[in-house]
Amino acid sequence: MLSNMKVSGFQVLCFLLFLYVSHGEAWPRYKFVVEEVPYTRLCNTTKILTVNGQLPGPTLYVHRGETIIVDVYNKGNHNITLHWHGVAQPRNPWSDGPEYITQCPIQPGKKFSQKIIFSTEEGTLWWHAHSDLWRATVYGAVVIYPKIGDTYPFPKPAAEFPILLGEWWKESIAEENNIVQSGNDPNTSDAYTINGQPGDLYNCSKSETFNITVSKGLTYLLRIINSALQDVLFFSIADHNVTVVASDASYLKPFSSSFIAISPGQTIDVLLEANHSPNHYYMAASVYTGVNAAGNTDYTTTTAIIKYSGKYTPSSSPIFPSLPDYNDTASFLNFTNSFRSLDDKKHPIDVPTVVDVSLDYLFLVNRGFSTRVASVNNVSFVNSPVDILQAYYYGINGVYDTSFPDTTLQMLIRKTKVKVLDYNSTVEIVFRTTDGAGSSHPIHLHGYSFYVVGSGTGTFDNKTDPSTYNLVDPPFQNTIAVAVQGWTTIRFKANNPGVWFMHCHFDRHTVWGMDTVFIVKNGNSTNGKLSPPPPDMPPC
């Protein structure tokens, strides 16, 4: 009897341990404190919203397939949400982050513990605020290593460096929020930044310019992230080509380039071989607009410095790189069209060849109104007072309607419309910026990566352009810039149930309504059903 009781006690202990682990108490935890702190840039001190007082915020380091918990404490004076950009979050949109889409914001003085589920992603992603324009200063890198025991599909680099490109305003971001919310363009940023520093071409910035030290003959991995609010950027390193190996946490067939073009929201991993004479070399970034000069665009250049180790006398000023012009669409397209998925044994791809749902989405900044309005298919998205995920899960009526149009409406409307997709359906969307759009649009889909099977300039021709699609090794991305007056076609399988946001990653366009929502219905199996909400969801 005593022996049986001991066995039962041991069984209870194992069961409690199982509950302990299965509820995530054994998962790594990170503490993110959102708070306002004073920062000095460009001879000017202003209070900015940060995570843990850092700009950029802390880098998260994980391995493929891991799960972590991030405890977010809002000690600032504004509502906030955090988004884990490019993380699919299988069955778990509750922690995805866009305000009034998958949650209501974390109010000042409140806390939300976000469960971040990494699955097939491997490489570089990032996290950022997803309310108003707060991601101007609330952002950081996510480094996803291969599973323990696995290796990169390229020789191990001597060192790795996250390189986060951003923007800086002397004015408060709260002021910029008010401007954009009223339907106007934000003020032009006062500087671009590399890892939070403008670089020595700007006033009062030389001593703080970011720099890295390299040794001749070694190779380094740069994890480049465009966290700028409103600009596609060109990036280059003086006298050095880079080898592009990944984008959006998905490996590419390596190719060499003298520059990269990177959209807001996008990540690109490159290998830098330190194979030149020891010296100091600038890395630099400047804007790509695709159109003639616009009044609210920042045409300055941010820099950082690569310093070779050893004894030598560097040139009086670091060597400067050659960057494409701000309107060099040919260079932009040549670079982005070079992406091909690696598609090897350890990193296979699965491109949908049969399409169940065909959609045609036109992205517009609508003209002729007293304030700026933006739309998808002439539907300007309106946030609801209750988040859409909660309304969907609990069956709350009147929050949204499911009649989002598959093609463009004749007249603009402002509504909370969503598109419902069956679980496991294969979806093709043609993104278009033709018919009056004045800029490229970097489109980001939450909850999914997608295959970019085709792109072009001019008006999409549904009879001839599909014959140009790459269905063999298209890149697998979560953010893609649709060229000025052009089109891009994506495909994905709707196998992640829940509520998922899709929007332009120029934040002013998102605020003005260039966004929409997909609701992916549950499948039949347990693994195909939306997980229940955590107990501490922020109240509306």
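A search of the whole structure, which is a predicted model, finds two cavities of 30 Å³ or more. A cavity here is a set of points, on a 1 Å grid over the protein atoms alone, where a 1.4 Å probe fits but cannot get out, and its lining residues have an atom within 4 Å of a point. Grid points are joined across faces, edges and corners, and a volume is the space filled by probe spheres set on the points. Residues are numbered from 1 along each chain as its sequence is written, and side-chain values use heavy atoms, with hydrogens and water left out. Local features need pLDDT of at least 70 and side-chain atom pairs count only at pLDDT 80 or more, whereas totals for chains, interfaces and linings use all residues.

**Cavities**

- The largest cavity has a volume of about 40 Å³, and its lining consists of Phe235, Ser236, Ile237, His240, Val242, Ser258, Phe259 and Ile260.
- Strand S13 (residues 232-237) supplies the largest share of that lining, three residues; strands (E, at least two residues) are DSSP runs, numbered from the N terminus.
- By class, the lining of the largest cavity has five nonpolar, three polar and no charged residues, where Ala, Val, Leu, Ile, Met, Phe, Trp, Tyr, Cys and Pro count as nonpolar, Asp, Glu, Lys and Arg as charged, and the others, Gly among them, as polar.
- The second largest cavity, with a volume of about 30 Å³, is lined by Leu55, Ala136, Thr137, Tyr139, Glu167, Trp168, Thr193 and Gly196, which divide into four nonpolar, three polar and one charged.

**Strand S8 and its partners**

- Six of the seven residues of strand S8 (residues 139-145) are buried, that is, under 20% relative accessible area, as opposed to exposed (over 50%) or partly exposed (in between), with a 1.4 Å probe and protein chains only.
- Strand S3 (residues 60-63) pairs with S8 in the parallel sense over four bridges, and valine 143 in S8 is the bridge partner of tyrosine 61; two strands pair if DSSP finds at least two bridges between them.
- Strand S7 (residues 123-129) pairs with S8 in the antiparallel sense over six bridges, and here tyrosine 139 in S8, which also lines the second largest cavity, is the bridge partner of histidine 128.

**Nonpolar cores**

- The largest nonpolar core (buried Ala, Val, Leu, Ile, Met, Phe, Trp, Tyr and Cys residues joined through side-chain atoms within 4.5 Å) has 121 residues, and those with the most contacts inside it are Ile260, Tyr361, Ile429, Phe431 and Phe492.
- Strand S18 (residues 280-288) gives the most to this core, with six residues.
- Another core, of eleven residues, lies apart from it and includes Ile101, Leu389, Val499 and Val517.

**Backbone geometry**

- Most residues other than glycine have a negative phi, and most peptide bonds are trans.
- Leucine 55, one of the residues lining the second largest cavity, is joined to proline 56 by a cis peptide bond with omega of about -10 degrees, and proline 56 is found in the loop between strand S2 (44-51) and S3.
- Aspartate 132, in the loop between S7 and S8, has a positive phi of about 50 degrees although it is not a glycine, and this aspartate is partly exposed, with a relative accessible area of 31%.
- Asparagine 378, in the loop between strand S21 (373-376) and strand S22 (379-381), has a positive phi of about 65 degrees, but asparagine 378 is buried, with a relative accessible area of 10%.

Conventions:
On a 1 Å grid over the protein atoms alone, a cavity is a set of points where a 1.4 Å probe fits but cannot get out, and a pocket is an open set with protein on both sides within 12 Å along at least five of seven lines; lining residues have an atom within 4 Å of a point.
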